Amino acid sequence: MISAHARDSFERILTKAARTRLPRTPDASCDIVRLNVRQPGSAAMDTDVDLVARHANVVVLTISSIDFRMLLVLHFDEDDVTTRYFVGDDQDKPFREVFLEISNLCCGAINQELLGHFPDLGMSTPYVLSAHCVPHLMQLKPNHLASWDITLDGSVRLAATLCVCAHAPLDFNAELSETQDSSGELELF
Amino acid sequence: MEAVEWLLAGAVAGVIGAGAAAFVAHRWRMAQATAHWRALTKTHDEALEQALERERLAVASKEEGGESNDEALAELTARLTQAEQDLEVARKSEAAVLEAKGLWQGEAERIAAEAARLRGLAATFERWHEQMTSLMTQNQDMHAKNHELSSIVRHVLIVSLNASIEAARAGTAGRGFGIVASEVRALATRSEELSKSYRDSLHRNDVTTTATFQDIQAGGKMIAASLSSVESLAQQLHSRLH
C-alpha cells in the first residue's frame, strides 16, 4: 500500500522536522537514532526497545489527507531535565503548554512538507495520552510504523513514533532541503 | 504733242503696269491668304476631328465606366447585405454570449455562496472536538476509578494474605477461616487481573477515541481549506466574468 519511496520520504520528513523544531536553538545538538520497538504479539529481539517503559506520556497529533492519515507520537517525561530544557527561565508557563506548542510546530513542519505532495491536508490539535496507549496503535492497522530515540543536548531524552494508515496506494518522493525554513510556525492551536 | 502723247502713253502704261503689278501682288497675297486660310482650316478640321475622337472616346469610356460602376455598386450592395446579415448573426451571438455570461456569473456567485455557507461546517467540527474532549475526560475519570479499584484490590489481597497467615496460626480452629481467606485472595487476584484488563481497555479506548476525533478534526480543517479554495476560485471566475 505504501511504497518504499513513500516510507522513506515520511521518515526523512519526520526526522528533519524533529531536528529543526525540537531543539531549543537551531545549533543545539539533536541526536536521532532509529529504534526497533517491541511490538505486542510478535517475537521480541534482544535489541528491541520497550518504549512504554522508557517514557511516561505521549503527545499525539494527526495529519489527515484523502488517502491517508499520519499520527505523530512524541514520547516524553515530565522530569526536571526535560522541563528545564523546554521551559527555561520562563517558569510562568506550564511545561505541558510549552511542549504541546513545540509538538504542534514539529507536526506543522511535517504538514508543510507534505503539502508539496498532497494538496488536501489538515492537521489536528495535540493531545496528551499515557505511554501505555502506544502499543494500541496497532489496532489502527498502520501500514507503516517506526520509532526514533531523540536526545537533545546529550541529556534530554525523547522519542518519536510515526504511524501511517493508508486507504489507497501511496507513492511519493520528498526532496528535502537541508536549510531550515520558517514555514509552519503559524500553525496555532 | 507727241511728247504729251508719249507722256500720256507712258502714264497710261505706268498706270496699267502699276495696276498689273498691284493686281499680281493682290493675287499673290490673295493666294497666300487663301493658302493660309486653307492651312488654318485644315488645322482646325484636324483639331475638331481630334476633339470629336476624344469626345467619342470619352463617351465610350464613360459608358464603360458606367457599366463598371454598376457592377461595383451591385457588388457593394451584395457585400452590404452580407455584412448586415453577419452583423445580425453577431448581434444574436453576442446576446447569447451575454445571456450565458449572466448565467455563469450567477453560477459562480452560487458556488461562492455555497462554499462560504459550507465553511460553517467548522462549527460542527468544533462541536465534535468538544465531544471528544468530553469523552476523553470521561475516560480519564474511568482511569482514576480503575486506579482506585486496583489499589483497593491490592489492599484486599494483602488483607487476605494476612488472614491466611492468622488462620494458619490458629491451627485447626482457623481452618474454616483459612478457606475463606483463600477464597478472598483468589477473588482479589481475579479482580486485580480484571482491573489490569480494564486499564488496558481504557488505554485502547483512548487511542481509538483520540485517533478518530483527531482524524475528524484534521479532516474538517482539510475540508474547510478545500472549500476556501473553491470559494476563492468561484470569486475569481465571477470577477473575470464581470
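A residue counts as buried if 20 or more other C-beta atoms lie within 10 Å of its own. With that cut-off in hand, here are some exercises on this predicted model.

**Exercise 1. Work out which residues of helix 4 of chain A are buried, and what covers them.**

Solution.
- Step 1: apply the cut-off along the helix. The buried residues are Phe99(A), Ser103(A), Asn104(A), Cys106(A), Cys107(A), Gly108(A), Ala109(A), Ile110(A), Asn111(A), Gln112(A), Glu113(A) and Leu114(A).
- Step 2: look for the cover. It includes helix 1 (4-21), helix 3 (80-87), strand 2, strand 3 and strand 4 of chain A.

**Exercise 2. Check whether the span of helix 4 of chain A agrees or disagrees with 1.5 Å a residue.**

Solution.
- Step 1: the expected span is 1.5 Å times one less than the number of residues.
- Step 2: helix 4 covers residues 95-115, so its 21 residues should span 30 Å.
- Step 3: the end C-alpha atoms are 30 Å apart, which agrees.

**Exercise 3. Describe the fold of chain A along its sequence.**

Solution.
- Step 1: count the elements. Chain A has four helices and seven strands.
- Step 2: put them in order, which gives α-β-α-β-β-α-α-β-β-β-β.
- Step 3: turn to contacts between residues at least 6 apart in sequence; in chain A, 70% of these join residues at least 24 apart.

**Exercise 4. Find the largest nonpolar core and the strand that gives the most to it.**

Solution.
- Step 1: the largest nonpolar core has 53 residues, and Leu72(A), Ile110(A) and Ala160(A) have the most contacts inside it.
- Step 2: strand 7 (residues 156-166) of chain A gives the most to this core, eight residues.
- Step 3: take Ala160(A) and set aside its neighbours within four places in sequence. Its contacts include Leu14(A), Ala18(A), Leu72(A), Trp148(A) and Ile150(A).
- Step 4: recall the general trend. In soluble globular proteins, nonpolar side chains tend to be buried together.

**Exercise 5. Characterise the side of chain A that touches chain B.**

Solution.
- Step 1: the contact takes 22 residues from chain A and 17 residues from chain B.
- Step 2: strand 2 (57-65), strand 3 (68-76), strand 4 (121-123) and strand 5 (127-130) of chain A each supply at least two residues of the chain A side.
- Step 3: strand 2 has the largest share, five residues.
- Step 4: by class, this side has 10 nonpolar, 10 polar and two charged residues.

**Exercise 6. Decide where in chain A to read the coordinates with care.**

Solution.
- Step 1: chain A averages a pLDDT of 88, and 87% of the residues score at least 70.
- Step 2: over residues 182-189 of chain A, however, the pLDDT is below 50.
- Step 3: where pLDDT is low, the predicted coordinates should not be read in detail.

How values were computed
Residues numbered from 1 in each chain as written. Chains lettered and ligands numbered in written order. Predicted model: local features only at pLDDT ≥ 70, side-chain atom pairs only at ≥ 80, totals over all residues. Core = buried A, V, L, I, M, F, W, Y, C linked by C-beta atoms within 7 Å. Buried ≥ 20, exposed ≤ 12 C-beta atoms within 10 Å, placed from the backbone. Contact = placed C-beta atoms within 7 Å. Nonpolar A, V, L, I, M, F, W, Y, C, P; charged D, E, K, R; others polar. pLDDT = per-residue confidence, 0-100.
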